[in-house]
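Colleague: Could you take me slowly through a single part of this model, in words that a first-year student can follow? I would like to hear what that part packs against and what lies around it.

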Amino acid sequence: MLQKLYNELSLLFRKDKETRRMLCNVLGFVPGNLSLYKLALTHSSHTLKKQNMCNERLEYLGDAIIDAVVSDLLYSKYSREREGFLTKSRSNLVRRETLNDVALRLGLDRLLVAHNTGRQHNNYVYGNAFEAFVGAIYLDKGYGVCRRFLLNHVYGKIVNIEEVVSSDDNFKSRLIELSQKQHFVVDFRLVSQENRSGGQFFESAVYVCGELCGSGSGFSKRESQQAAAKEALRLLTPERLDELKEKASSEVCGDSQ
């Protein structure tokens, strides 16, 4: 109650009161450097990437911070689980679909400055903006405040950690986990990247033991990799996997002679 009263009084004596009020409702505290948050909520489509006036650099920073906080959270919460489980769980909690939903639940879509995002198919501009938003919090208030925001407002309220962790639709993580258990090499490769009316479009392929086993496309690199991994998991029967591993082993032996 006292914190809320302090926030309200602080807003009365600041410029851009309405913008600060809206951000305060999202953050739970009064933002300091307002320009950081405005930058975080400015998509490159609005600025044509001129003079670093879009949120891409902050997105890079926020992505790293979210990874660190979620890694720490999972390490503490699941103290008996092995590295594979933790890696898969982190991937589920920080993936674009999850962060996109967080951004919408926080109302960042109403604050984002962008052109034609409504016509862009599944390109996760709101999830990207959320990452940039986290980067802005870090630069404005420091790691401690940023960590509390993520734990209390995002992974404490919006995201159901148990539900997300138990979901099994991260096909790339499943394929990598299978490769670690079955001891084979998996390699994701970007085949092409082009501009379309809906944004950047990617095509990826996945190779198992040097053989093409799946391909996929999407409006993000991750989306295309997920589609490729899904196809690979469908095609990789135990018999097919044994065949690929045996072929790879014989080629290694042949090269060594």
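Modeller: What follows is a close look at helix 7 and its surroundings, with some salt bridges at the end.

Please keep in mind throughout that this is a predicted model. Helix 7 covers residues 96-106, and within this stretch T98, L99, N100, V102, A103 and L106 are buried. These buried residues pack against helix 2 (17-27), helix 5 (56-77), helix 6 (83-94), helix 8 (125-141), helix 9 (143-158) and helix 10 (161-166). After helix 7 comes G107, a residue whose phi is positive, near 90°.

Of these partners, helix 9 deserves a careful look. Two packed helices are described by the angle between their axes and the distance between the axes. For helix 7 and helix 9, the axes come within 11 Å and cross at roughly 100°. Since angles of 65 to 115 degrees count as roughly perpendicular, the two helices, helix 7 and helix 9, are therefore roughly perpendicular to each other. On the side of helix 7 the contact is made by L99, V102, R105 and L106, while helix 9 contributes F149, V154, Y155 and I158. Sorted by class, this contact of helix 7 with helix 9 has 7 nonpolar residues, no polar ones and 1 charged residue.

Helix 6 is another of the partners of helix 7, and its own buried residues are L86, K88, S89, N92, L93 and V94. The buried residues of helix 6 pack against helix 5, helix 7, helix 9, helix 10 and helix 11 (171-182). The length of helix 6 can also be checked: at 1.5 Å a residue, its 12 residues should span 16 Å, and the end C-alpha atoms are indeed 16 Å apart, which agrees.

Turning to charged side chains, the structure holds 11 salt bridges. One of them joins the side chains of K77 and E162, at 3.5 Å from N to O. This pair links distant parts of the chain, with K77 in helix 5 and E162 in helix 10, 85 residues apart. K77 counts as partly exposed because its relative accessibility is 40%, and E162, with a relative accessible area of 43%, is partly exposed as well.

A salt bridge within one helix is found between K181 and E177, again at 3.5 Å from N to O. Both K181 and E177 lie in helix 11, 4 residues apart, which is about one turn of the helix. Here K181 counts as exposed at 59% relative accessibility, whereas E177 counts as partly exposed at 24%.

Notes: Residues numbered from 1 in each chain as written. Predicted model: local features only at pLDDT ≥ 70, side-chain atom pairs only at ≥ 80, totals over all residues. Heavy atoms only, no water. Buried < 20%, exposed > 50% of the residue type's maximum accessible area, 1.4 Å probe, protein only. Contact = heavy atoms within 4.5 Å. Expected span 1.5 Å × (residues − 1). Axes fitted to C-alpha atoms, helices over the stretch in contact; angles between N-to-C directions. Parallel < 35°, antiparallel > 145°, perpendicular 65-115°, else oblique. Nonpolar A, V, L, I, M, F, W, Y, C, P; charged D, E, K, R; others polar. Salt bridge = Lys/Arg side-chain N within 4 Å of Asp/Glu carboxyl O.
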